[in-house]
Amino acid sequence: MAKTPSPPQFITIPASCPDIRTGISKDTMKKAFLENLFYVQGRSPENASINDLYMALAFTVRDRLLQQWANSVNQYIYEDVKVVFYLSAEYLPGPHLAHNILNLRLEASVREAMAELDIDVDALIEQEEEPGLGNGGLGRLAACFLDSLATLQRPAIGYGIRYEFGIFDQIIQDGRQVEITDKWLRFGNPWEIARPEDACQVGFGGRTEFYTDSKGNHRVRWIPDLVVSGVPYDTPIPGYHVNNVGLLRLWKAEAPESFDFQAFNVGDYYGAVEKKVMAENISKVLYPNDQDFQGKKLRLSQQYFFTACTLQDIIRIHLGQGKKIHTLPDYWAGQLNDTHPAIAVAELMRILVDLHAVPWDKAWELTRKTFSYTNHTLLPEALEKWSVHLFSRELPRHLEIIYEINKRFLDTVRVRYPGDNEKISRMSLIDESGPGKVRMANLAVVGSHAVNGVAAMHTKLVKERLFRDFFDMQPEKFNNITNGVTPRRWIMLSNPALSNLIDSAIGKAWSTNLELLSDLEPLAEDASFQDKWMRVKLQNKQSLSEYIKNRTGIAVDPASMFDIQVKRIHEYKRQHLNILHILTLYRRIKRDPDIDMAPRTFIFGGKAAPGYFMAKLIIRLITSVAEIINNDPDVKGRLKVVFLPNFNVKVGQRIYPAADLSEQISTAGKEASGTGNMKFSLNGALTIGTLDGANVEIREAVGSENFFLFGLTVDKLQSLYNGGYDPYAAYQGNQELHDVLNLLRDGFFSHGDANLFKPLVDHLISSDDYFVLADYASYIQCQEKVGNTWRKPDEWARMAIINASRMGYFSSDRSIEEYCNIIWQIKPFGVDIEKPA
C-alpha cells in the first residue's frame, strides 16, 4: 500500500519581513536592493558586475513576489480549491524580471530607486538569461497560459522538466546554422527555489511480478532496476495586478546516491559515478536527437520522468490534505499539453491499481475524469509512437497496463462497430502494421474525458481526419479552444510606446479585457491618431534597425516596409516560398534596374532542428540570397534581406512591434494554430497568409478586406493531391518561377556551386510535399497587392489600427476562461493580502 504523506504546511511569513522584504516605496526598494547586492551577491555598487546588479534587483523583486506566493498557497489549502496541473514538456516563459516588475506594480518604485543609484534598469533587464525550455509555440503558449491563470485567479501549477541545457543557441557561420550549448543556468537563476525535501523517486526498466495481497487479491508489483530522484525547482508566476501567484514546478533528475565509494575504492572510477551520469542525463537537454535507439530511450525517459514526478506530487498534496484517493478528480484537473505527457494515463493507472489497490474500473474512471488532452499538431511525425520493444525494456509495467487498456477499449469498439476490423486497427493503441508501436496520441484520447484542438480549422481537421474514428464514437468529447497570447508580455512589455498610446486613447482596462481594444476602431479613420500610431511603429522599426546592425552588420532602412517571417524553420512553414518571392522581385530589378518598387526589408528568424537537413538548407538559402542582394548595386536599397540569429522570446519582443507585414504562409491544413500571427496583429502588422490554423479566425475577426489572402484551401489541396499533383508542370508553366528556380539550381546564389541548393530545387520540382509551387502564382499576385497598399500610407495605417482593434478574441485570458469553464471546471479564487487566521 502507498505510504500516507504528511499534510502540507501553511507558510508562516516572518514578522521581520514587512518593509525591507515586502515594502514597495522607492526608498525601501533602494535599501533592499543594496542589501541583496551585499548580503546575497557579496558586492558593493563600486565593484559589482552588471550580472551582480541584475541578481540583486531580481532578488529584491522576488522578495515581494514570495509574500504573495505564500498567501496564495495558504489560502488555496485553507479553502480546499480545485487546482489545474498543466503537464508540458516545454515552457518558454521569457525573461522574468520585467514581467514580474510589471505584474507586481513595481515599475515606478524600481525605476526611481535605480535612477538614484545611477543604474539603468533596461540594461539589467537585458542582462537576464532567457530560460530556453522550449522549441517554439508549444512552450510559449504554456507560458502565456500560466500568466493568464494567475491573472484570472485560477489555482494552477505548471509541471515540466528543468533542462540543464535548453534549446540550443543559434549562430550563423559561413551562412550556415551552427548549434552551441544554451548554458542558461551558468550565472544562476534567482527566480527558482529548490525543494529537495519534496523529491520523488522514479523507476525505470526491471520486471514485474504477480503476488497475492493480504486480502487474497491478485496484484502486480513492478521491480525497476534503476531509480532516479526527481528534485523540484519552483518558480512563482504572479498574476497581473492581483494577489494570486501561480507556480511553475520543474523537475531535475538526480541519482539517489551520486557516488559509489565501493566502486571507487576498487579502481572503478567511472562506475563510481555511472548512476549519477545516467540519472542526470534525463534532464540534461531539451529534445535529444531521437534518430537512434539511445535517443528514443532518453526521450521516452524524459516524458515518463516528469509525468511520474508530477503525479506523485499531486497525490502527495491531495492525501496530505486528508482527502481520499477516490476524490482526486474533484480537486485536480490534469491537462496533457500535446502527446509528450500521454504516458501519464498509464502511470496514474499504475499508481491507483498497484499502489492504492483501486479496482480497475474505478481507477479507469478516476483517470479519465482527471485528464484532458490538447492536440497541437496534424503532422504524423509529431504524433509520437514508441516501439513496444523500447517500452518493454524501459516501462514494462506500463506496457502491460496499456495492453489492458487497449483490450478493454477495443472490446467496446467491437460492440459499437461489429465486424469493422479496419476501424478497430486504426483505433488500437498499438500499431501492428510493422514492428509493434504504442500510439501515444491514441492513448491520450482514450485516457482523457475531453480532447481539444487549438483553432477552428485545426479542430475541424482533428475531428474529420486525425481522430475521425474517435470523434464518430464520442463526439461530445471533442472541443475547440483557440489559442491566445498574453497582452502583458506581447504589448505592454514588448511595445510600451503602443501600450501608452492605447491607454491614452481608451484607458487601461484593455490589459485584462482585450475585447476593449474594439474601442480603438473609430480612431482608425482619425488622421491625427493614424499619425501617432505610425510614429510609434517607426520608433520601433528604428530600434530594431539598430539591433539588426549590431547583431548582423546589415544596415536597413526603417522607412522601408518591414516584411517579417519569424518561426521555427520547417518546410510546411514555407520560408522558401517567401524566398521565391524575394528572388522574383530581384529578377525584375535585374531585368529593369529602374523599375518602380516599394522598398522592403525582409527579416527572417527561427531555428532548424539539428538533424533536419532541408530546414538547415533553407537557412543557408536565406543567408546566401541576402549576401547577393544586399551587395548588388542595381538593387539601390529597394530590397534588403536579413536573417536574425537565435530567435527567442527576447528577440521576439523586439521584432513583433516593428513589423509592417506578417508572413503566415504555411501550407493550408498543416499549422495547428500559430500564435506569432496573433502577436504580429496585436502590434498592428497586416497579415499575408493562407487559410491555415488561426489565420482563418484572424481573417474573420479583422475582416477579409484587411487581410491579404492567398493560396489553395485544404479541400483544394486534397483534390490536387488526389488528382496527381505534378509540381514539374507548375515549374514549366510559370516563366518567372521557372527562371527563379533555374537561378538557384545553376549556382547563382552559391558562388557557382550548382550542387548546394540542388536538393531543395529537385525536391520542389519532383515532390513539393507542401505545395510551394502550387501556391507560388497566387502568393506573388497577393504580394503585389501588398506593395500597392503600402504606397497608400493612410490606408495602411487605417488597416493596421483595425487589425489591432479587432484582436480582442485572441487573448490567452479568453482561452483560459474557456478551458476553465468547458473542460476543467475551475472557478476563480481571489487571494487576500493577509493569510487566513
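1. Strand β14 and strand β15 (residues 437–439) run antiparallel and are joined by two bridges. This note concerns a predicted model, and the statements below should be read accordingly. Within the pair, Ile430 of the one strand faces Val438 in β15. Both strands belong to an open sheet of three strands, ordered β13-β15-β14, in which the pairing is antiparallel. The edges of that sheet are β13 (385–387) and β14 (430–431), each of which pairs on one side only.

2. A second open sheet has six strands, in the order β20-β19-β18-β21-β22-β23, and here the pairing is parallel. Its edge strands are β20 (639–643) and β23 (708–709), each with pairing on one side only. At the β23 edge, strand β22 (residues 686–689) and β23 are paired in the parallel sense over two bridges. Ile688 has Phe708 in β23 as its bridge partner. As background, the strands of a sheet pair through backbone hydrogen bonds, in either the parallel or the antiparallel sense.

3. Helix α32 (residues 793–805) lies across four strands, namely β18 (561–566), β21 (661–664), β22 and β23. The direction of α32 is at about 85° to that of β22. Helix α32 also appears in the surroundings of another helix, α26, which is taken up in the next point.

4. Which residues of helix α26 (residues 695–702) are buried? They are Asn695, Val696, Glu697, Ile698 and Val702. The buried residues of α26 pack against elements of both kinds: the helices α17 (456–466), α25 (676–682) and α32, and the strands β17 (478–480), β21 and β22. Gly703 follows α26 and has a positive phi, near 100°.

5. Thr675 is located in the loop between β21 and α25. Is this residue buried or exposed? Its relative accessibility is 9%, and buried means under 20%, so Thr675 counts as buried. When neighbours within four places in sequence are left aside, the contacts of Thr675 are Leu141, Asn483, Gly484 and Val485.

6. Strand β10 (residues 245–254) has eight of its ten residues buried, so it is largely enclosed by the rest of the structure. Strand β2 (residues 156–161) pairs with β10 in the parallel sense over five bridges, and Gly160 stands opposite Leu250 in β10. Strand β9 (residues 226–238) pairs with β10 in the antiparallel sense over ten bridges. In that pairing, Pro236 has Leu247 in β10 as its bridge partner.

7. Two hairpins merit inspection. In the hairpin of β9 and β10, six residues lie between the strands, and His241 in the turn has a positive phi of about 55°. In the hairpin of β7 and β8, five residues lie between the strands, and Gly216 in the turn has a positive phi of about 85°. Strand β7 (residues 207–212) and strand β8 (residues 218–223) are antiparallel and pair over six bridges. Arg207 stands opposite Ile223 in β8.

8. Helix α11 (residues 344–355) and helix α12 (residues 360–370) have axes that come within 9 Å and cross at roughly 140°. That angle makes α11 oblique to α12. The crossing of α11 past α12 is right-handed. From α11, the residues making the contact are Val345, Leu348, Met349, Leu352 and Val353; from α12, they are Trp360, Ala363, Trp364, Leu366, Thr367 and Thr370. By class, this contact of α11 with α12 comprises nine nonpolar and two polar residues, with no charged residues.

9. Lys82 is placed in the loop between α2 (50–79) and β1 (83–87). Which residues does Lys82 contact, once neighbours within four places in sequence are left aside? They are Pro155, Pro329, Asp330, Tyr331, Trp332, Ala333, Trp824, Gln825 and Ile826. Lys82 and Gly166 are 84 residues apart in sequence, and their C-alpha atoms are 32 Å apart in space.

Definitions and conventions. Residues numbered from 1 in each chain as written. Predicted model: local features only at pLDDT ≥ 70, side-chain atom pairs only at ≥ 80, totals over all residues. Heavy atoms only, no water. Axes fitted to C-alpha atoms, helices over the stretch in contact; angles between N-to-C directions. Parallel < 35°, antiparallel > 145°, perpendicular 65-115°, else oblique. Left-handed = near helix turned anticlockwise from the far one by under 90°. Contact = heavy atoms within 4.5 Å. Nonpolar A, V, L, I, M, F, W, Y, C, P; charged D, E, K, R; others polar. Buried < 20%, exposed > 50% of the residue type's maximum accessible area, 1.4 Å probe, protein only. Pairing = 2+ DSSP bridges.
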